[in-house]
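Me: I am new to reading structures like this one. Please pick one small spot, look at it closely with me, and then show me what surrounds it.

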Amino acid sequence: MEYKVEAHRIMSISLGKIYNSRVQRGGIKLHKNLLVSLVLRSARQVYLSDYYSGVCLNTQHVEAKEWELMDSNQEKPLTPAPEESLSPSTDCNQNPVVPEDPEVQHTSQAVEDSTDLHSVYSKHQAEEESSSEDSTTDVSLTSSPVTCESQCEAKGAEVSSSDCEADANPATVTEGNSQQPPKAHSCSNRKRTAEKTASNDSPVKRTKVTSSNSSEEEAEEMDTGNVSNLITIFGSSFSGLLTKESSEPEAETEDSDSGSGQICCDQMLKNLNPWSTAIVAF
Amino acid sequence: MGEDGESPKLNHSFLRDYVTEADVISTVEFNQTGDLLATGDKGGRVVIFQREAENVKPHISGEYNVYSTFQSHEPDFDYLKSLEIEEKINKIRWLPQQNAAHFLLSTNDKTIKLWKVSERDRRPEGYNLKDEEGRLKDISTVTSLQVPVLKPTDLMVEVRPRRVFANGHTYHINSISVNSDGETYLSADDLRINMWHLDITDRSFNIVDIKPANMEDLTEVITAAEFHPHHCHLFVYSSSKGTLRLCDMRASALCDKHAKIFEEPEDPGNRSFFSEIISSVSDVKFSHSGRYLLTRDYLTVKVWDLNMEKGPVETYQVHEYLRSKLCSLYENDCIFDKFECVWNSTDSVIMTGAYNSFFRMFDRETGRGVTLEAWRESSKPRAVLRTRRVYTGGRRRRGDVGVDSLDFTKKILHMAWHPAENIIAIAATNNLYIFQDRVNPENQ
């Protein structure tokens with residue numbers, strides 16, 4: 001989690017440097033700005049990947065406990081699960097229960113590896129509207145691996161199927177009853193995704209302002225490539241995510257305890273000073 | 001020891017730490033004989049020092065005194081892009097001497113200038129129509145004719161611009177290098193390298209162009225370039241990714257395709273946010289023999305053999321203790337400092353600068369390095385430089401400096417080594433230090 005704060009801080013510092021370089025005497029130094037943008041990109045990648053791996057870390061503990069409890073459960077039919085998971089948004093409508101997080105782990109890995117984050121956000125928005133309550137009761141590992149696999153396919157992610165398959169074996173042993181929790185589970189995961197990317201979007205929004213200015217001035221000399229990549233990825237869903245931010249905290253606090261620690265940190269992160277300094281810089 | 005013209009008797013203690021930005025030295029270069037030393041500063045001025053003729057006692061070498069000062073570049077403005085062009089002198093390179101005059105090239109971010117430095121120590125006297133001050137004489141007072149003769153006068157050093165090579169670069173010029181053919185030179189900016197003829201100012205050849213069609217695809221820039229010391233068709237350029245490319249101009253007019261590429265695979269264990277920044281090469285120098293290359297990145301200096309592309313043959317840690325501090329060095333911009341590196345005349349010792357007014361020398365034969373300090377308080381004229389140490393653990397000796405007490409504003413970026421003797425010139429902010437090796441003044 002410290003990595004996330006660190007990556008966060010480095011990102012805001014980098015953006016400040018890019019901004020300052022535009023008012024420096026002698027014109028924009030291409031070399032320095034290129035290096036700063038590389039650091040910005042690395043920090044963003046770490047920030048993104050660390051979010052998910054951080055969530056996974058927290059959930060793994062609970063997952064182990066749950067598997068011990070569920071050992072006695074027998075196999076459940078897996079076939080219904082894939083069909084349902086293929087349309088996760090509708091499933092969320094049914095019963096937005098947020099189960100434990102082994103599923104989060106799988107889906108988060110899926111999302112982590114997915115380059116098509118747009119689909120994530122659009123799904124999130126659809127689910128956000130449909131599900132407003134999140135309560136965790138049962139822990140269900142039923143169709144988690146299968147859901148994971150289908151979600152992997154659905155997103156076209158490069159997730160190593162071994163991730164899904166490896167977990168498929170213990171999960172089949174420990175299947176629970178309901179198939180809805182996994183979907184709601186994935187919903188909650190997407191909410192976390194959105195929330196996290198919402199906080200990511202704040203620097204993006206600001207860079208968007210500055211980069212458009214800079215591109216007008218010295219398109220040749222200013223490397224806005226990485227910044228504009230940020231924009232294309234997050235831009236379209238940013239405003240939508242912003243409005244949903246207020247509903248998210250409540251939803252998140254009701255989540256299972258496995259993820260709550262993480263979520264609280266995320267909320268804190270949004271209020272961290274680096275972001276306000278980034279605002280001041282622009 | 002030659003220093004800039006400050007009087008040591010005046011006690012401006014409260015002003016001592018205040019350095020005018022324009023006085024900061026930005027480049028140092030000896031000429032081919034070592035008798036002349038040129039420095040450029042951020043204010044666009046060039047100061048040339050000349051070595052005094054050797055004293056009667058042969059083992060006390062002459063001192064360097066100011067020979068000439070002139071304003072090379074002025075602040076400029078690009079009206080089309082609404083950009084200020086700094087007058088800071090980025091590089092100075094001397095041309096090989098061909099007659100009594102000396103020629104040097106100086107460049108700022110956009111324009112290169114060729115200067116002729118000549119001496120005048122006599123002038124004609126005895127004109128018939130003009131008197132000594134140049135006023136016209138009254139003809140009625142002229143009773144006889146005389147032939148003007150040359151009479152010795154006080155030595156005057158004249159510096160005149162002979163060529164101005166302008167509008168060749170869109171980006172900031174970072175290097176110039178004179179070719180061994182004596183007729184051409186190259187200038188390199190972030191994305192392009194041009195070759196000029198010394199006599200032609202309105203045209204240059206573009207020999208390297210790494211600008212991508214879409215600037216968003218930009219991943220690396222050129223950081224330094226140099227011609228081979230003996231082969232007029234070879235040159236090398238370094239990139240921000242830590243690669244070196246050797247190009248042969250005989251292969252094609254545009255040398256985008258390298259003849260050799262030198263790069264070292266990255267050590268995955270040392271990966272961090274700043275790996276790319278610290279692998280950027282800030283300076284590249286051919287050895288005098290022409291066989292080796294010396295490169296400087298943020299934490300190391302490396303020696304490369306032109307015959308081996310897969311990695312350097314020697315790597316020396318300049319200040320490895322900074323590796324754990326890269327984040328704060330990124331915040332205060334020190335991580336972007338561009339240090340230079342130099343060879344000695346026999347290619348047996350390499351030298352580079354560091355922080356806290358320290359500079360490092362590495363003996364290639366033993367592999368050992370030494371840290372020295374260029375600081376006025378501890379350097380009285382003719383005092384022996386003592387070695388310094390940065391405390392990084394283990395037994396702490398007296399005089400060791402802790403990593404956290406290093407002064408990162410006192411950085412030694414620019415330096416030069418005399419081409420034949422063990423004399424070095426170190427630029428420390430606005431001061432120039434010249435050190436001589438009294439034990440081994442001549443190189444074996």
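Reply: Happy to! A helix here is a DSSP run of H or I with at least four residues, and helices are numbered from the N terminus. Keep in mind that this is a predicted model. With that in hand, go to A:Ile28, which sits in the loop that links α1 (2-21) to α2 (30-69) of chain A. Is A:Ile28 buried or exposed? Its relative accessibility is 4%, and buried means under 20%, so A:Ile28 counts as buried. Now find A:Ile18: the two residues are 10 apart in sequence, and their C-alpha atoms lie 9.1 Å from each other.

Stepping back, chain A has 13 helices and 0 strands, so its pattern along the sequence is α throughout. Chain A has 282 residues, 56% of which count as buried. Take the contacts in chain A between residues at least 6 apart in sequence: 91% of them join residues at least 24 apart. The exposed area of chain A is about 11200 Å², with 53% supplied by carbon and sulfur atoms.

For a look beyond chain A, turn to chain B, where 4 strands form an open sheet in the order β11-β12-β13-β14, with antiparallel pairing. At its edges stand β11 (175-178) and β14 (205-209), and each has a single partner strand, so one side of each is left without a neighbour in the sheet. On average, neighbouring strands of this sheet are turned by 20° against each other, ignoring direction. Strand β13 (residues 192-197) of chain B is joined to β14(B) by 4 bridges, and B:Arg192 has B:Asp209 in β14(B) as its bridge partner.

Conventions:
Residues numbered from 1 in each chain as written. Chains lettered and ligands numbered in written order. Predicted model: local features only at pLDDT ≥ 70, side-chain atom pairs only at ≥ 80, totals over all residues. Heavy atoms only, no water. Helix = DSSP H or I, 4+ residues; strand = E, 2+ residues; numbered from the N terminus. Buried < 20%, exposed > 50% of the residue type's maximum accessible area, 1.4 Å probe, protein only. Pairing = 2+ DSSP bridges. Axes fitted to C-alpha atoms, helices over the stretch in contact; angles between N-to-C directions. Contact = heavy atoms within 4.5 Å. Areas by Shrake-Rupley, 256 points an atom, 1.4 Å probe, with all protein chains shown as cover.
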